Amino acid sequence: LLSTSLVVRNQSSNDKPVLEVREIVKDRSQPVPVETSIRYLKSAAYQQTYEGQPVWVLYRRNHKGLFPPRKTRKTCIRGGQLATGNPCPLCRDEYLVVHEQNVELLKQFISPHTGGILSYSKTGVCQKKHQQLQISITLMEATFVIVGGGIAGVTCAETLAFLEPEKSIILLSESSLIKTVVNLHAITKTLTDFDIKEVNAEEFNDKHSNITVLHDALTEIDDKERYIKTRENITIKYQYLCLCMGAEPKLIPQADEFLEILGIRDTDSVESFIEKLESSKKLVIVGNGGIASELVYKIRNADIHWVIKDRHIAATFVDPGAAEFFQPSLKKEDVSEPPISKRMRYQEDEFKKSGAALGPDWYKNLIISGANATVPSSVTVHYQSEIASVQRTVNSEVPIEVTLTNGEKVECNIIVSATGVAPRKNYVTKSKFELSEDGGILVDEFMQTSLPNVYAAGDICSANWPLAKHWFQMKLWTQARQMGCYAAKSMVGHMNGEEVLQDFCFELFAHSTKLFGYKVILLGLFNGQKLGMDYEILLRMTKGLEYIKFVLQNDRLQGAVIIGDTDLEEMAENLILNQIDLSPFGDDILNPDIDIEDYFD
C-alpha cells in the first residue's frame, strides 16, 4: 500500500483549515504549479504532515539485506505514474515541486554547515529528483537577496520580512551563526541600546518563514542579468540585492610573516586570540579604537604594552580630557573569580569563512586571561608610536621582539593588530561600483549603489549624499543597524513605487557604548568635527564618576560627550536638534547645582 499524507480539503465556518487523510496519488501526468507548491509549504497540512522537519527526515528506504544500495533508485515515476510502493521523499508528495523559486523546499537539501547540497544517501531522494535539486539549487531565485550575516545584513533581512512577508528573501552568510539584535530599546529619539545574540540558521529560519539562510560566500555579481554566484557555485537570481558584508581588519604589514600577529574582528578571531592568550604572559596591542580599548581594559593576568600613534588613549572617540578621566582604569585589579564564559559555537570544518563584525559588549561574558597569574597585570602605554619591525628572539622565553618607531624594544608572546578596518573586496562584479577613497561602495540617500537595484549597508559602504550638519559616518554597529533597516525600507519603497523618506536617525550622530567600564554617549559633532576652530567647550568632571563635554558654536550646542550615568543625553539631544540659544544660561548649563533639565522639559 502507498503511504498517506494530509491535505486541506475545505475551510470551516471559523476559517480554520480542515485536514483530511488521503492516499498518495499515483497519477503524476498533471504537474502541480510551483506557485501552488510555495503556498502548500506555508499551509497547516504541510506543517502537520512533516512536523516542522525537512521532508526527508522521516523517510525510510526499503531495501533487501542489512545495508542499503549505494545509490537510490533512478526514478520513482515512469510514464506519468508512480512505479513504486515506497516513493522517495519528493515523489511521494505531488505538492513538493522542485523549482528555483521554491526556496523554502530547496533549503531543506542544503547543508547548514557547509552550504553544499546534501547527498542522496542522506536524503533518500531518487536520482532524477536529486539531479533536479542540483539544477534548481545552483539556480535559485528570490525577490530580495541580502549578503552578510552581521548586524546590517540581518537587520535588513528582518525588516524586509516584516514589510513584505509574502516575498522570498535569501540571506547569504559566511558563518552558520548569524548576529541578531535583541533587547533593543530607545534611550532618546535617535539613540538606541541593544545586545547582540548569535543564533544558528535553523533557529533564524523558524522565526522568519520567508527568509532562507544559506551558509555560503559571495564570489561574483552580474548586475546586467541580476544574479550572484557563490563559492559553492550556486547562482541566485535577484530582483533587489543588498550588500552587507562589512569590513575586514587592516593588519600591520608584518602580519604575513608572523603567526603571532592576530587581528580581532569577529567571533572566531576572538576565540583564536583567547586560546593563544592563555599561554602568554606578555602581549602588544596596536591601535587606539574601540576594540583596542576594550581589550586593554578586559585582559587580566598579562603584561600589556599598548602602542598608539596618538597623544592620548581612545582617541577615536574622546578628547585628551576624557582620556585623562579614563586613565585610572588602566591600573589593573585582577579578578580572582572571573565571570563564566558563555558563547554559542558550532564546529565548521572545511569552510574558510570570515564572520560578521563584533557587536556591543562583545567581551561581556568572556574570560580574557593570560598566563601571568603570579604577579599583578600591568599596562604600559607607548604614545605617538607605531611598530617599525618585528623579529624572532634568541634564547628568550618569549618568541618575538617588537621595535617601535621611537626606538623602544618590547618582547612579547603575541601582537594584537586593532588598527582599523577596510571594506571587503573578496568578490568580482560585471560592472564597477563607484567607490570612495577608502574603498567603500558609494551609496545615495536611499542606500542605493551606482549599479541598478543593488544596495549596500554597514561598513562596506560610504555615504554619498549631502549630510545633515550633525551627522557623519563611522564604522559602528549602531550605524550598521540603522543602515540595514533603512536599506530594506528603500528597496520595498522602490519595488512598490512608493516615496521613500530618509530616516530621522541620519539627522544626528548618536552612539552609545562602553569604554573602560563606563557608559559613554556620543552626540552630534562631539569632538568638534566640521567646525574647524570656531567653537568653544564647556566641561564638567567628577573623578571616577562622570565626564561631560558640551561643544558650542554661536551659543548653540553642536555636540556632546557624556560619560557616566548622568541622564543628560535626552536634554543634550534636544538642544542639538532644536538649536536653542543658550547664551542666557552661560556656564550654568553644566552647573551641578542647577537642574538644567527643568528648563528644557
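Here is a walk through this structure, from the whole chain down to a few side chains. Keep in mind that the model is predicted.

Let's start with the overall build. The protein has 31 strands alongside 12 helices. It runs to 601 residues, and 54% of them count as buried. If you look at contacts with a separation of 6 or more, 64% of those in the protein come from residues 24 or more positions apart. On the outside, about 28100 Å² is exposed, with carbon and sulfur atoms supplying 48% of that.

Now zoom in on helix H12. Its buried residues are Glu569, Met571, Ala572, Glu573, Leu575 and Ile576. What lies over them? The cover includes strands E28 (518-524), E30 (546-553) and E31 (556-563). Glu569 is a good one to pause on: its side chain meets that of Lys519 in a salt bridge, 3.0 Å from N to O. That pair links distant parts of the chain, since Glu569 belongs to helix H12 and Lys519 to strand E28, 50 residues apart. Glu569 counts as buried because its relative accessibility is just 6%, while Lys519, at 23%, counts as partly exposed.

Carry on past the end of H12 and you meet Gln579, which has a positive phi near 50°. Asp587 is also in the segment after this helix, and at 62% relative accessibility it counts as exposed. Asp587 has company: together with Glu536, Asp555, Asp581 and Asp588 it makes up a patch of negative charge on the surface.

Next, head back to the loop between strand E13 (247-249) and strand E14 (261-263), where Gln254 sits. Is Gln254 buried or exposed? With a relative accessible area of 12%, it is buried. Leaving aside residues up to four places away in sequence, Gln254 touches Ile261, Ile387, Ala388, Ser389 and Val390.

Glu260 forms a salt bridge with Arg392, with 2.6 Å from N to O. Arg392 lies in strand E18 (residues 387-392) and Glu260 in the loop between E13 and E14, so this pair ties together parts 132 residues apart in sequence. Glu260 counts as buried at 16% relative accessibility, whereas Arg392 is partly exposed at 44%.

In general, side chains of opposite charge can pair when their charged atoms come close. The structure holds 12 salt bridges. Another one joins Lys107 to Glu104, with the closest N and O atoms 2.9 Å apart. Here Lys107 is the buried partner, with a relative accessible area of 15%, and Glu104 is partly exposed at 21%.

How values were computed. Residues numbered from 1 in each chain as written. Predicted model: local features only at pLDDT ≥ 70, side-chain atom pairs only at ≥ 80, totals over all residues. Heavy atoms only, no water. Patch = residues over 30% accessible without salt bridge, like charges linked within 9 Å, V, L, I, M, F, W, Y side chains within 5 Å. Areas by Shrake-Rupley, 256 points an atom, 1.4 Å probe, with all protein chains shown as cover. Salt bridge = Lys/Arg side-chain N within 4 Å of Asp/Glu carboxyl O. Lys, Arg positive; Asp, Glu negative; His and termini not counted. Charge placed at Lys NZ, Arg CZ, Asp CG, Glu CD. Helix = DSSP H or I, 4+ residues; strand = E, 2+ residues; numbered from the N terminus. Buried < 20%, exposed > 50% of the residue type's maximum accessible area, 1.4 Å probe, protein only. Contact = heavy atoms within 4.5 Å.
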